[in-house]
Amino acid sequence: MELIQIRYFLEVAETKHMTNSAKNLHITQPALSQAIHRLEKNLGVPLFVAKGRNIVLTEYGIYLQRKLKPLIEQLDNIPEQLNMMVKQESETIHMNVLAASSLVMEGIIKYQKEHDEIHFQMQQNSESDLFDIAITTKLFYQGFNEKNSFSCEEKIYLAVPDNVKYHSRTSICLEEVAEERFISLQDSREFRYICDCFCQHAGFEPNIVFESDNPEAVKNMIAANVGVGFWPEFSWGEIKNEHVKLLEIEEPVCQRNIIISYNKNKTNNRNVIEFYEFLTEFFRKRKWIGE
């Protein structure tokens, strides 16, 4: 059966009148009659019989109408469903957040207050390139050469207890804390790799007494004075504990780049680019406040 034959059959089955059906289909009545006869010949059964001036469905025609009508309805709905899928996908932004996750979430929450139609899907996968927007981090001297990207520098401080040993200090050389206990992200996180590199440059391997893949848990443990830890200048915000202070690291240079990039994956990238522009400006303002 050809699709055009199916549509002709269903139209005649609905009107039960060959002439009226031909008018509705914008073809001649003889052409419609020939199409129906060819369909009956192909199927090997009669689909219509004459009844007075009209025609009615045979039992075969009734069966065929019952089977084909929902299929054609589904077929006719496909363009609308595809348009809905495109619209839904254009309103969903896929994020790969490998750095500054707390600040990114803060930005998303702020953005959604004005754009509640936009939805976000999050992942943390350094091997994946299936994203609309990614937030990554690198050592400041590694640089980057990526299109559709924004980079901002972030100084890394050392969070220490505000005790007799550190009370009068405003800065420190990292080698001075080689014997301290460290709180850190797990080694699967990019920030942990960067911090380990700082320690290697200072000539020691940090004594990690607590580690987590959750930045909030690390921040809370540092704030609880369990140990010292590296603290990004603006992406982690302020330490909410008067007994912990941030020291500038004199040696080595402890700094990283936060990189925000986007892919042009969609037919319509407007929402992705608008959020990318919002997020980069959000980071710029936070960095300016941090400075």
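Reader: How many positive and negative side chains does the protein have, and how far apart do the centres of the two sets lie?
Author: In this predicted model, the protein has 32 positive and 42 negative side chains. The centres of the two sets lie 11 Å apart. Lys and Arg count as positive, and Asp and Glu as negative.

Reader: Which secondary-structure elements does the protein have, and how many of each?
Author: There are eight helices and 12 strands.

Reader: How do you know whether the protein is more spread out than a compact globule?
Author: The radius of gyration is set against the globule rule. For 291 residues the rule gives 19 Å, whereas the radius of gyration of the protein is 33 Å, well over that value; the protein is therefore more spread out than a compact globule. The box filled by the C-alpha atoms, taken along the principal axes, is roughly 110 × 35 × 30 Å.

Reader: What share of the 291 residues is buried?
Author: Buried residues make up 44% of them, where buried means under 20% relative accessible area. The protein exposes about 16,900 Å², and carbon and sulfur atoms supply 49% of that area.

Reader: Why is Ser 21 called buried or exposed?
Author: Its relative accessibility is 0%, and the cut-off for buried is under 20%; Ser 21 therefore counts as buried. Ser 21 belongs to helix 2, residues 18–25. With its neighbours within four places in sequence left aside, Ser 21 is in contact with Glu 11, Val 12, Thr 15 and Leu 32.

Reader: Why is His 26 called buried or exposed?
Author: The value for His 26 is 72%, and exposed means over 50%, so His 26 counts as exposed. This residue is found in the loop between helix 2 and helix 3 (29–43). His 26 has a positive phi of about 60 degrees, although it is not a glycine.

Reader: What makes Ala 100 buried or exposed, and where is its place?
Author: At 7% relative accessibility, Ala 100 falls under the 20% cut-off and so counts as buried. Its place is in the loop between strand 3 (92–97) and helix 5 (101–114). Ala 100 also has a positive phi, of about 50 degrees, although it is not a glycine.

Reader: How do you know whether the peptide bond from Glu 251 to Pro 252 is cis or trans?
Author: Its omega is near -5 degrees, and the bond is cis. Pro 252 is found in the loop between strand 11 (244–251) and strand 12 (255–262).

Reader: What makes up the largest nonpolar core?
Author: A nonpolar core joins buried residues of the nonpolar kinds through side-chain atoms within 4.5 Å. The largest one has 32 residues, and those with the most contacts inside it are Leu 158, Leu 174, Phe 198 and Phe 230. Among the elements that give two or more residues to this core are strand 6 (149–161), helix 6 (190–202) and helix 7 (215–223). Helix 6 gives the most, with seven residues. A second, separate core has 25 residues, including Val 97, Leu 103, Ile 135 and Phe 234.

Reader: Which residues are in contact with Leu 158?
Author: Apart from neighbours within four places in sequence, they include Ile 172, Leu 174, Phe 182, Phe 230 and Leu 247. Contact means heavy atoms within 4.5 Å.

Reader: Why is Leu 64 called buried or exposed, and which residues does it touch?
Author: Leu 64 has a relative accessible area of 11%, under the 20% cut-off, so Leu 64 is buried. It lies in helix 4, residues 59–90. Not counting residues up to four places away in sequence, Leu 64 touches Met 1, Phe 9, Leu 43 and Leu 47. Leu 64 and Ala 13 are 51 residues apart in sequence, and their C-alpha atoms are 9.7 Å apart in space.

Reader: Where does Asp 213 lie, and why is it called partly exposed?
Author: Asp 213 lies in the loop between strand 9 (207–212) and helix 7. Its relative accessible area of 45% falls between the 20% and 50% cut-offs, so Asp 213 is partly exposed. The C-alpha atoms of Asp 213 and Leu 82, 131 residues apart along the chain, are separated by 39 Å.

Reader: How far apart are Arg 284 and Glu 153 in sequence and in space?
Author: They are 131 residues apart in sequence and 9.9 Å apart in space, C-alpha to C-alpha. Arg 284 lies in helix 8, residues 270–290.

Note on methods: Residues numbered from 1 in each chain as written. Predicted model: local features only at pLDDT ≥ 70, side-chain atom pairs only at ≥ 80, totals over all residues. Heavy atoms only, no water. Helix = DSSP H or I, 4+ residues; strand = E, 2+ residues; numbered from the N terminus. Buried < 20%, exposed > 50% of the residue type's maximum accessible area, 1.4 Å probe, protein only. Rg over C-alpha atoms; globule rule 2.2 N^0.38 Å. Areas by Shrake-Rupley, 256 points an atom, 1.4 Å probe, with all protein chains shown as cover. Charge placed at Lys NZ, Arg CZ, Asp CG, Glu CD.
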